[in-house]
Amino acid sequence: MTILAQNERPADDGLVASGQRGTVVLRGVSKRFGSTTAVDGVDLTIPGGSYVVLLGPSGCGKTTLLRMVGGHEVADAGDILLDGVRLNDVPAAQRDISTVFQHYALFPHKTVYENVEFGLKMRRLSPDERQRRVNEALAFMDLTNLRDRLPKQLSGGQQQRVALARALVTQPTVLLLDEPLGDLDRLLQLRMRVELRTLQRRLRITFIHVTHNQEEALAIADQIVVMQNGQIRQVGSPQAVYRRPTNLFTASFMGDNNILAGRVASVDGDGILLECEGLRLRARSAPEPVVPGQAIHAAIRASTVRVRQEAAAGATLPPNCVAARATFVEYLGDTVKLHCQTASGLALVAKVPEQDPSWQGIREDETDLMLEWDEDDVQLLTS
Amino acid sequence: MRHQKLSRRSFLRWSAGVLGASLLAACVGSEASEPTPPSGGGTQPTTAPGGTQAPAVITGVTLRVVGTGVTLIEPIRQQAEKDLGIKLEYDVKDGPSAQQKAATQPQSWDLYDQWFNSVKIVWASGNATGIDINRIKDWDKISPLPKEGKLTPNAKEGDGDAPYRILYVQPDNTLGSNPTERISMLPLTFNVDSFGYHSEMVDKEDATSWAILFNPKYKGKIGLYSDPSTGLMDLALGAQAAGLATFKNIGNMTRDEIDTIMRILIEKKKEGQFRAFWNSFDESVNLMASGEVVVESMWSPAVTALQVRGVPVVYASPKEGYRGWYGGMMLNKNASGKTLDACYEYLNWWLNGWAGAVVARQGYYFSIPENVKAHLPQADWDYWYEGKPAAEDLKDPFGEIVAKKGSVRDGGSLETRVSNIAVWNSVMDEHQYLVTKWNEFLAS
Amino acid sequence: MSSYSLPEAVPAASSRRLSGNAVWALLLSLPLLWLLVFLIVPVLVVLIVSFFQPTLSGFERAFTLDNYRALLSSGPFFSTLLNTLLSALITTVVTFLVGFWVAYYLALVVPNLRTRFALFIIALAPFFTSFLIRAVAWIPMMGREGVLNSALLSLGITSQPLDFLLFSNFAVRVAMAQLYLLFMISPIFFSLSTIEPAVLEAARDMGARWWSILWEILLPLARPGIVIGAVFVFVLSMGDFATVRLIGGGASTSVGLSIQNFVTYMQFPQAAAAASILVLVTVLGVVLLLRWGAIGEEL
């Protein structure tokens with residue numbers, strides 16, 4: 001299958017040691033629009049054949065970064081390299097990179113077939129070759145029976161598949177996707193993100209995907225790059241970014257984290273003790289060394305908080321344990337979110353599986369609760 | 001149409017209208033319709049000797065006059081309102097548009113102030129009625145030219161619609177030369193037209209004949225009037241003078257004659273003899289001023305306008321004769337009562353010569369020269385009517401100098417010029433055929 | 001409980017919809033009425049008059065085919081019609097060739113909206129003055145002693161003034177193109193403006209050069225605008241008589257001018273017959289243009 005030609009490329013076999021093709025390296029890349037800095041000195045290495053998601057709120061610079069890789073925007077400073085070759089001055093068309101644009105940017109006057117054929121036509125491939133490869137791409141994306149439709153006659157999901165086929169038919173080593181699921185309804189989003197992931201696995205080329213949706217990033221990515229204000233805040237696997245946010249922005253952006261402001265009380269060989277508005281926390285470690293007295297934020301994921309229905313014994317509680325009452329029980333189907341308030345007025349959220357009996361029978365503002373969590377689940381946000 | 005300074009004039013008309021209205025109100029209020037003597041200023045004609053006292057019965061009547069800018073000019077309207085105590089609405093249009101309105105919208109006018117060459121058409125529309133000469137006080141003083149066809153016994157009569165041929169309403173309601181007591185149009189102003197030429201670019205010898213229009217020397221530098229009746233007349237005179245064609249009656253051609261002249265014209269047009277066809281007074285001035293043409297069929301005020309601008313243009317006096325035209329007024333058949341009385345008062349007022357003196361200074365003659373003379377300073381009279389050198393700088397009715405001291409009117413005195421009329425502006429029997437053919441000529 | 005409110009809500013909504021429909025019907029009938037009064041009735045009147053017998057000062061209500069017979073058997077009328085058609089086609093093509101690039105520049109090259117708007121207004125500027133003034137201004141520009149001829153002479157490009165620059169078919173076509181350019185620019189500008197920039201980016205991303213983008217993307221997407229502009233310009237130049245009269249100076253001609261002459265000399269039935277023929281030819285031309293536009297869409 002032509003679209004899978006990555007496998008057949010001799011370079012692949014011969015260059016095992018140097019890793020897969022499609023490695024994108026950014027060094028000190030910056031971009032300004034007037035007085036605003038969209039991308040601010042980004043250093044990033046995207047391994048060949050990986051699925052990387054650039055995640056951040058709108059205006060964080062993720063799309064600009066993607067466009068610079070694609071050649072649709074010129075970097076003001078820094079280097080963009082693909083497999084060791086500097087791309088900055090290479091026109092978009094000559095980069096071995098294709099883009100699936102936001103809203104797909106299909107040619108409205110061309111049929112599905114013509115849309116997919118366009119890149120090959122521009123590369124002046126012979127009509128026979130074009131036909132063969134377009135038909136393969138259509139078959140691959142399951143579009144064969146839609147080949148004569150115009151874009152406006154297609155559903156959102158179908159349009160997205162056309163955009164993918166159109167981008168992939170030229171056999172790029174890197175595929176850029178700008179909010180590819182943004183135009184789809186939620187159910188289709190869920191399905192398409194699985195399909196995207198599967199597609200990338202089959203193609204084994206680099207996918208760089210931009211989104212503002214954390215859940216989507218977590219579901220798809222090999223590596224998530226969290227961005228804010230033109231800078232990278234954290235890079236890591238979905239688990240790492242989700243479980244071990246290293247900074248306040250990542251922790252709050254990934255959602256469902258209880259974030260507490262406090263101060264380092266003491267540091268010893270076993271861990272770190274914190275004081276957060278009357279609540280004592282104990283953490284196993286910190287991303288960076290901390291000293292007693294240092295102001296700090298801590299994050300505790302709601303799903304790591306356990307709930308017991310019992311009143312405080314009166315005596316001082318151990319760290320990572322607090323008495324509270326639920327102000328609101330939010331039933332979400334597969335999980336239940338308990339919005340709690342401690343005696344000292346701190347708001348904490350606990351999320352328990354629906355099957356878990358611990359939330360059954362809790363009456364809002366009445367039932368005394370004990371909330372606790374493991375010290376492994378206390379994340380210190382130092383960077 | 002003959003002399004249009006639209007923007008300035010319409011402003012004048014508007015302001016004068018306001019003025020006139022308030023004046024009128026004052027007159028009505030005081031029941032005093034005493035004629036106000038015209039101002040004796042340098043640009044105005046001298047005072048009318050004891051202007052006609054308007055009968056109180058017509059005071060306050062509004063007369064609607066549709067016509068052209070040749071005679072529908074502001075000084076005349078103001079003076080007439082003052083003298084007659086009536087209100088005048090001038091509807092100033094170009095010739096064809098005025099004719100169209102007269103023929104198709106009888107409810108919109110009381111008097112039609114145009115030229116004899118449109119009499120047949122407006123009469124045919126049935127919208128006009130005969131003017132009773134018994135109610136025209138100065139009828140007998142009107143010169144023989146429009147009544148009998150000649151000013152002097154030796155003069156040429158001229159082919160075509162000479163006014164006297166269509167002046168009198170015959171018992172069968174047709175128009176003819178047999179005198180009756182009712183006339184189709186009251187003859188007022190007239191002139192003779194020819195062509196103007198740029199005296200530095202054209203040999204004087206060549207300009208003594210209409211044949212110049214076909215002279216290869218001036219190929220591509222000839223300007224013509226796009227109107228079929230007058231434009232064709234000039235060309236027919238030229239073709240005849242150049243020996244290209246002959247006509248039994250140049251003012252009333254047969255179909256064959258029309259076909260012949262058209263064949264010649266189309267051929268000449270394709271050879272590039274004619275540079276442009278103009279439609280308005282201003283266009284005719286611009287064509288000559290911008291150097292597009294050096295010989296141009298045009299009206300005498302256009303020549304004056306060019307001379308004032310310093311363009312050395314001479315109005316030719318062709319040996320074959322001029323093309324004459326006569327202007328006047330027709331009466332709407334619907335005019336009755338006070339309005340009809342006012343119409344007659346206005347016609348009589350016109351004949352007293354005050355208005356004739358105004359148009360004289362645009363180069364037009366008047367049916368009763370002696371009445372004009374009474375209102376015109378001697379210098380103006382000598383220049384315009386007698387063909388003598390101007391004794392001083394002469395101005396037109398709007399105060400602009402039109403003749404420098406010492407200059408002489410092209411063609412000489414009234415008598416000389418009017419005695420040499422080759423043809424009158426006419427509506428031929430084959431008018432409709434001519435219009436179609438002329439269209440084809442323009443289209444070729 | 002909520003199920004009770006639903007049946008109640010339905011009749012209320014439908015009655016509201018009914019009155020809404022009445023309003024809509026009224027609103028829609030207004031343009032129809034407009035069309036009827038200002039288009040269909042006049043066309044019918046013209047058609048009827050074209051079968052009347054002309055007289056010296058109008059017409060008689062007697063049926064005749066002579067007006068058509070005279071026109072259709074007249075060589076000059078046919079050459080006038082052909083010349084009108086040719087002028088209209090040339091004007092349409094020229095305004096397209098020029099107007100497309102102006103629209104292209106405005107819609108796709110000028111980056112910011114304010115500049116774009118300012119330039120559009122500047123492009124409109126000549127249309128702030130009256131047609132007559134613009135037409136009269138051609139004489140000092142294109143005349144024998146005009147600016148252009150003087151420049152050509154002083155540069156030694158020509159040794160004699162070029163007469164065809166004024167009072168010629170050439171001059172009329174240039175003037176009409178200038179006059180009607182805006183009617184081509186505007187619709188093309190609007191169709192080019194609706195193209196998503198990402199679509200052009202996508203084309204470039206796939207290796208399309210400037211020429212391919214023009215041919216594969218811009219022209220097909222601008223086609224509705226081009227067709228509308230072409231219909232505008234074609235119809236306007238088919239009916240033109242004022243430009244032909246003033247710029248043509250008698251050396252050029254059009255059916256519109258013939259009609260005007262017929263009307264001026266009150267030969268209304270001939271004018272009506274010529275007008276009917278002109279309308280027929282114009283409508284045929286428009287149908288062909290629209291069909292061409294529609295076929296393009298299908299391909």
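**Close-ups of a predicted model**

**View 1. What comes right after helix H9(B): Gly310(B) with a positive phi.** Look just past the end of H9(B) and you'll hit Gly310(B), whose phi is about 85°. Bear in mind that this is a predicted model.

**View 2. The buried residues of helix H9 in chain B and what they pack against.** The helix covers residues 300-308, and its buried residues are Ser300(B), Pro301(B), Ala302(B), Val303(B), Thr304(B) and Leu306(B). Their packing partners in chain B include one helix, H8 (281-289). The strands they pack against are S9 (186-198), S12 (295-298), S13 (313-315) and S17 (401-403).

**View 3. Chain A meets chain C.** Here 22 residues of chain A are in contact with 16 residues of chain C. Putting the two together buries about 1,600 Å², with carbon and sulfur atoms giving 60% of that. On the chain A side, the residues that lose the most area to chain C are His109(A), Phe118(A) and Met122(A), together 30% of what that side buries.

**View 4. Salt bridges and polar contacts between chains A and C.** Three salt bridges turn up across this interface. One to zoom in on pairs Arg67(A) with Glu201(C), where the closest N and O atoms sit 2.6 Å apart. As for polar contacts, the count is seven residue pairs, both residues at pLDDT 80 or more.

**View 5. The elements of chain A that touch chain C.** Helix H2 (62-70), strand S6 (97-100) and helix H3 (112-122) each supply at least two residues to this side of chain A. H3(A) gives the most, with four residues. By type, the residues on this side split into ten nonpolar, seven polar and five charged.

Terms used: Residues numbered from 1 in each chain as written. Chains lettered and ligands numbered in written order. Predicted model: local features only at pLDDT ≥ 70, side-chain atom pairs only at ≥ 80, totals over all residues. Heavy atoms only, no water. Buried < 20%, exposed > 50% of the residue type's maximum accessible area, 1.4 Å probe, protein only. Contact = heavy atoms within 4.5 Å. Buried area = accessible area lost by both parts, 1.4 Å probe. Salt bridge = Lys/Arg side-chain N within 4 Å of Asp/Glu carboxyl O. Polar contact = N/O pair within 3.5 Å; in protein donor to acceptor, adjacent residues only side chain to side chain. Nonpolar A, V, L, I, M, F, W, Y, C, P; charged D, E, K, R; others polar.
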